[in-house]
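Subject: Structure handover

Hello,

Here is the structure I promised to pass on. My notes on it follow below.

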Amino acid sequence: MTSVKALETAMPRPGPVNPSPRPAASAVLLLVATRKGAWLLHGDAARRRWRLDGPHFHGHSISHLVLDPRDGRTLLAAAKTGHLGPTIFRSTDLGRTWKEASRPPAFAQPTDGSPARSVDHTFWLAPCHTNQPGSWYAGTSPQGLFRSDDGGDTWQPLPGVNDNMTLREWMGTVQDGTPDGPKLHSIVIDPADPAHLLFGMSGGGVHESFDRGATWQTLIGGLEVVEGFDVTQPTFHDPHCIRACPSRSTRLYMQNHCGIYRLDRPSQVWQRIGRKMPRKVGDIGFPMVVHPRDADTAWVFPMDGTDVWPRTSPDGRPAAYVTRNAGRSWQRLDAGLPAEQAWWTVKRQALCADQRNPVGLYLGHTGGEIWMLRDDGGATPPQRWRNIARHLPEIYALETAIPAAD
C-alpha cells in the first residue's frame with residue numbers, strides 16, 4: 001500500500017489557474033477569500049461596474065487574501081490545500097501567476113517537553129510597518145504568530161508568543177467553541193513605531209508588545225466576559241475583531257464577544273460604546289471597520305447574540321450600523337437589503353471599506369453574496385446597498401486594495 005507521505009510527495013502542490021493576460025487597471029480592487037477559492041473583484045472609478053477574476057486555487061480554503069500596500073502588486077493568500085495542509089501563496093503580478101512559499105508558517109519543535117503543535121491554517125495576514133518593505137506577520141490557528149522578511153517566501157515563528165507558556169495557558173483549545181479552532185487575529189502595527197504591535201486571541205484576550213514581539217502585556221482593562229467567568233483571567237476574554245483608526249493611531253475599536261468597545265491611548269481601559277445600540281439588536285457581532293479619514297466613524301454588523309449563538313442577522317433582518325460620533329449613537333443602514341428571512345452570517349474579516357470619497361462599504365456573507373454601500377456621511381435619504389456579486393462560495397474575508405499603476 002502506498003503511504004500517505006509517498007502519496008503527498010508524488011502529488012503536485014495546488015497551483016493557479018493558467019496565467020491570463022493582465023486585465024485593465026481597476027480603480028477599486030476587492031479581494032475575496034472563500035471556502036472554495038479566491039477571487040479578485042475589479043471595480044471602475046464610479047464603482048458601478050464590477051468584473052470577477054477567478055477562481056484562484058479553486059476548491060481550496062482561502063482564509064485571507066491581502067495586497068501589499070507598500071508596492072501595490074504583491075498578493076499573499078493564506079490557503080489550506082485539502083489533505084496537503086496549510087501554506088501561503090504569493091503573487092507579484094496581481095494574481096496572474098502564483099508561487100508557494102518555500103517555508104510556510106510552522107511551529108518549532110518544543111525543547112521543554114511541552115506538547116508539539118501543528119498549524120491547521122493561517123488565519124490573518126498583516127503587512128509590517130511601511131519602513132519594513134517585504135516584511136509580514138501571520139496569525140494562525142492554533143494560535144501562533146509568525147513573521148516573514150522576504151516577501152512571504154519563508155516564515156519564522158516568534159518565540160515571544162509561540163513559546164510563551166503564560167500566553168499558551170490563555171489560548172483557546174479545540175473545545176472552546178470557536179468555529180474551525182482558536183485564532184490569533186487582528187494584528188495591528190503602530191504606524192508611528194514599528195516595534196509596537198498588538199493582536200487578539202479568540203479566546204485569550206488582547207496583547208501588546210513594545211519590543212517587536214519579544215515580550216507582551218495584556219490589554220483587557222474594561223472588557224467584559226460571559227457571566228459567571230473571572231474577568232481578570234485573559235483566557236475568558238474573546239475579542240472578535242480589533243481595528244486601529246487610520247487617521248488617529250492612538251484610537252482603537254473592538255467588536256468583542258461581549259460588546260463593542262473603544263480605546264483612546266494612553267488609557268489602558270476599554271470603554272463599552274455598544275450600549276447605545278438598539279436593545280432589540282444588541283452589540284454582539286464579529287466584524288468591525290473604521291473610516292479611513294474620520295476616527296469618529298466606524299461600522300459593525302451585529303448578529304443574534306442569544307444563548308444558542310446562531311451567528312445570524314437578528315430576526316433575519318440584516319443591517320450594518322454606523323457611529324459618526326465615536327459610539328455615542330448608532331444609525332441603522334439597511335436600505336436595499338432584504339427586509340425579512342435573510343439569515344446572514346458575516347465573519348470577522350468579511351466587512352471592509354475602501355479609501356474613496358464617499359467611502360465604499362463592502363460586506364460578504366456565508367451565502368456567497370457581496371453587497372456594497374456608498375456611505376455619504378449620513379445624508380438623507382440614505383444610500384442603498386447594492387448586490388455586486390453572487391453565487392460565490394462561503395465568504396471568509398474581504399479586503400479592499402489600491403493596485404499600483406502600470
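The lining of the largest cavity divides into 4 nonpolar, 3 polar and 4 charged residues. Bear in mind that this is a predicted model. The charged residues of that lining are Arg324, Arg374, Asp375 and Asp376. Leu333, Leu373, Ala379 and Pro382 are the nonpolar ones. Gln331, Gly378 and Gln383 make up the polar group. Two elements give two or more residues each to this lining: strand 23 (331-333) and strand 26 (370-375). Strand 26 gives the most, with 3 residues. The space inside the largest cavity comes to about 70 Å³. In total, the structure holds 3 cavities of 30 Å³ or more.

Next, the largest pocket. Its volume is about 1,400 Å³. The lining counts 40 residues. Nearest the centre of the pocket lie Pro69, Arg243, Pro246, Gln355 and Glu399. By class, the lining has 28 nonpolar, 6 polar and 6 charged residues. Eight strands each supply at least two residues of it. They are strand 1 (28-34), strand 4 (61-67), strand 8 (121-127), strand 12 (183-189), strand 16 (239-245), strand 20 (285-290), strand 24 (351-353) and strand 28 (395-401).

Now the salt bridges. A search of the whole structure finds 14. Three of them are worked through here.

Glutamate 224 and arginine 272 meet through their side chains, at 2.8 Å from N to O. Glutamate 224 lies in the loop between strand 15 and strand 16, and arginine 272 in strand 19 (residues 271-272), so this pair ties together parts that are 48 residues apart in sequence. Glutamate 224 is partly exposed, at 29% relative accessible area. Arginine 272 is also partly exposed, at 22%. Both residues belong to a network of salt bridges that links Glu224, Arg272, Arg275 and Asp283.

Arginine 251 takes part in the other two. One is with aspartate 264, at 2.6 Å from N to O. Here arginine 251 in strand 17 (residues 248-256) is linked to aspartate 264 in strand 18 (residues 259-264), 13 residues apart. The other is with aspartate 296, at 2.7 Å from N to O. Aspartate 296 sits in the loop between strand 20 and strand 21 (298-302), 45 residues from arginine 251 in the chain.

Is arginine 251 buried or exposed? Its relative accessibility is 7%, and the cut-off for buried is under 20%, so arginine 251 counts as buried. Its two partners are partly exposed: aspartate 264 at 26% relative accessibility, and aspartate 296 at 26% relative accessible area.

On the surface, Val226, Phe229 and Phe236 make a nonpolar patch of about 260 Å². Phenylalanine 229 is in the loop between strand 15 (217-218) and strand 16. With 46% relative accessibility, phenylalanine 229 counts as partly exposed.

One last residue. Tryptophan 385 is placed in the loop between strand 26 and strand 27 (386-389). Tryptophan 385 is buried, because its relative accessible area is 3%. From tryptophan 385 to cysteine 258 the distance is 28 Å, C-alpha to C-alpha, and the two are 127 residues apart in sequence.

Best wishes

How values were computed
Residues are numbered from 1 along each chain as its sequence is written. This is a predicted model: local features need pLDDT of at least 70, side-chain atom pairs count only at pLDDT 80 or more; totals for chains, interfaces and linings use all residues. Side-chain values use heavy atoms; hydrogens and water are left out. On a 1 Å grid over the protein atoms alone, a cavity is a set of points where a 1.4 Å probe fits but cannot get out, and a pocket is an open set with protein on both sides within 12 Å along at least five of seven lines; lining residues have an atom within 4 Å of a point. Grid points are joined across faces, edges and corners, and a volume is the space filled by probe spheres set on the points. Helices (H or I, at least four residues) and strands (E, at least two) are DSSP runs, numbered from the N terminus. Patches are made of residues with over 30% relative accessible area and no salt bridge: like charges are joined within 9 Å, nonpolar side chains (Val, Leu, Ile, Met, Phe, Trp, Tyr) within 5 Å. Accessible areas come from the Shrake-Rupley method with a 1.4 Å probe; for residues, only the protein chains shown count as cover. A salt bridge is a side-chain nitrogen of Lys or Arg within 4 Å of a carboxyl oxygen of Asp or Glu. Buried means under 20% relative accessible area, exposed over 50%, partly exposed in between (1.4 Å probe, protein chains only).
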